[in-house]
Amino acid sequence: MLTGPPVGESSLTGDLRSLGFTVREAAGEAAVPEDIAAVPEWEALALVDPRFVGHPHALRLALTDPRFPAGALPGALSVRPEARAALNDVLDGPTERAGSATGASRALPETLAERLESDGTRVHRPELGVLVARVPADESERRAALESVAATDDEEVRLRSVVKARDGFFTTFCVSPYSRYLARWCARRGFTPNQVTTASLLTALVAAAAAATGSRGGYVAAGVLLLLSFVLDCTDGQLARYSLRYSTLGAWLDATFDRAKEYAFYAGLALGAARGGDDVWALALGAMVLQTVRHVIDFSFNEANHDATANTSPTAALSDRLDSAGWTVWARRMIVLPIGERWALIAVLTACTTPRVTFLVLLVGCAFAACYTTAGRLLRSLTRRAERTPRAARALADLADGGPLSALPMSGPGGAAAPIAGLVGVVLVLGAALTAPVGSWWPVLGAFGYAVFATLAVAAPLTGPLDWLLPPLFRIGEYGTLLVLAARSEVNGALPAAFGLVAAVAYHHYDTVYRIRGGTGAPPHWLVRAIGGHEGRTLLVAAAAALWAGGSGSADRGFTLALTAFAVVTAVAVLSESIRFWVSSTAPAVHDETGEPA
């Protein structure tokens with residue numbers, strides 16, 4: 001809605017229509033409240049000063065981004081349905097507006113935006129960079145603004161803005177130079193980001209199927225298709241930023257499909273190797289465990305320091321200095337094997353070598369990356385004087401994923417002793433799994449000790465400097481025990497079944513992360529307890545190994561059947577509740593715009 005008739009031969013009306021708006025002209029600012037009242041409450045609306053001069057993309061950024069209840073820039077304000085009531089309240093206020101330094105009256109949209117912010121409504125003000133958005137006070141200012149608009153290519157700025165600033169080297173230099181044009185091509189033909197995301201998933205699944213053939217041609221095709229899947233994976237996010245088409249469903253797909261694609265490819269490689277007589281399921285499961293633990297370290301550390309006060313350290317200052325040194329930026333990003341570099345490595349090795357070589361190189365690279373990042377975070381945690389907030393402590397407790405046993409009333413050590421207690425528990429269960437005879441009950445006793453120490457570790461609020469280590473320690477304890485017991489049992493089908501169980505549980509852990517990031521907290525307690533929590537699942541797997549892993553014949557197959565049944569039940573439980581949550585209207589649209597390695 002324009003707050004008055006357009007000025008001269010302005011293109012403003014056409015620009016707004018190109019953004020999908022139905023343009024109405026108010027008789028004057030005094031008539032704006034009445035005209036707004038005529039617009040149904042369930043519709044979004046935008047107020048634009050008729051004197052506005054600027055790039056269409058500036059208007060697009062402020063007026064059409066669905067992630068915010070309101071958006072503003074000089075001379076323009078957008079309000080989505082959830083903020084319409086707040087807009088009605090501020091319209092009832094006084095209409096006088098202060099003049100500018102030149103004596104010109106301030107634009108009504110700017111005044112209303114300030115009132116909305118004062119009343120507690122979040123108003124998004126996009127970073128415009130070289131884009132122009134002004135309300136000229138006179139004709140000379142208007143001519144100067146029009147010249148500035150003509151001097152900057154709106155479309156070129158729009159294309160550049162779809163690329164994340166902190167992407168890895170491979171993504172930045174080998175994919176984004178052309179994927180952004182693919183994103184524009186998709187936008188102009190009406191494809192949605194969710195459709196591109198689904199195409200990326202399907203391409204990766206076809207790549208996994210090609211790898212599962214076990215032939216050299218299949219491996220070459222798998223490598224090429226995996227790279228194509230990654231190009232589409234970059235394109236979907238760039239398409240969302242290009243067209244500002246964000247959605248809750250898109251956030252869920254984007255958050256989960258990357259892991260599903262990568263781990264499905266691991267399974268395809270293991271199946272292909274088995275066709276050639278090489279059993280690499282233990283390596284495939286080890287790669288999935290290591291990659292998931294790496295992500296949990298990232299998530300846990302970031303959540304622990306999300307809103308910490310006095311959050312500085314000499315190590316962080318050194319990191320900032322290194323980031324300003326040019327080539328070190330790319331070297332440090334490549335060392336941690338972000339998704340682009342990792343998938344490129346997997347694709348090349350798949351096409352040129354064997355699955356065993358692929359997994360061994362991947363394990364070495366990811367282990368080095370995990371040691372590098374964890375060491376840096378340990379140094380930061382030990383040298384900074386940050387104070388953890390209750391919100392951070394709650395997030396860490398949710399990431400720990402404790403089951404019914406963790407709810408028992410116990411007094412925890414707190415402070416530096418909490419991660420030590422968690423480490424003792426992990427050593428107990430992994431030590432028993434590694435050294436006890438196959439089929440013995442010692443791993444069950446170790447799992448019981450793990451459950452006790454894990455419960456002690458989280459009994460006190462997790463506000464210590466190293467408490468963020470507990471969630472990754474628990475993932476190592478649970479996933480590692482399952483890997484060791486399945487591998488040592490030498491039961492036919494046990495490792496593939498364990499792979500499926502870890503995949504189901506890992507999905508639950510990733511789902512927890514993205515819910516916390518969206519501000520809605522962890523999955524419901526009934527679900528966490530129904531699937532046992534990390535300590536309950538570890539006990540159950542250890543008991544299954546003691547009952548069936550050391551037998552023969554039908555008893556021998558019992559361990560595989562138990563793992564398979566547990567994987568199916570866990571997958572059905574977590575997927576059904578997760579899908580219900582993410583398609584609900586209350587779920588947050590959580591999109592990763594940082595570009596940090598995944």
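Me: Before we look at Arg84 and Glu41, what counts as a salt bridge here?
Reply: We're working with a predicted model. The test is a side-chain nitrogen of Lys or Arg sitting within a set distance of a carboxyl oxygen of Asp or Glu, and that cut-off is 4 Å.

Me: Okay, how many residues apart in sequence are the parts that Arg84 and Glu41 tie together?
Reply: The two side chains meet in a salt bridge, 4.0 Å from N to O. Arg84 lies in helix α4, while Glu41 is in the loop between α2 and β1, so the parts tied together are separated in sequence by 43 residues.

Me: Is Arg84 buried or exposed?
Reply: Buried means under 20% relative accessible area. Glu41, its partner, is partly exposed at 40%. Arg84 has a relative accessible area of 0%, so this one is buried.

Me: Which helix holds Arg391, the salt-bridge partner of Glu303?
Reply: Their closest N and O atoms are 2.7 Å apart. Glu303 lies in helix α12 and counts as buried at 7% relative accessibility. Arg391 is partly exposed at 30%. The pair ties together parts 88 residues apart in sequence, with Arg391 in helix α17.

Me: And what separates Arg394 and Asp398 along helix α17?
Reply: These side chains form a salt bridge too, at 3.0 Å from N to O. Arg394 is partly exposed at 47%, whereas Asp398 is buried at 15%. They're four residues apart in the helix, so the separation is about one helical turn.

Me: How many salt bridges does a search of the whole structure find?
Reply: Some are linked up: Glu155, Arg158, Arg184 and Arg188 form a network. For the whole structure, the search finds 20.

Key. Residues numbered from 1 in each chain as written. Predicted model: local features only at pLDDT ≥ 70, side-chain atom pairs only at ≥ 80, totals over all residues. Heavy atoms only, no water. Helix = DSSP H or I, 4+ residues; strand = E, 2+ residues; numbered from the N terminus. Buried < 20%, exposed > 50% of the residue type's maximum accessible area, 1.4 Å probe, protein only.
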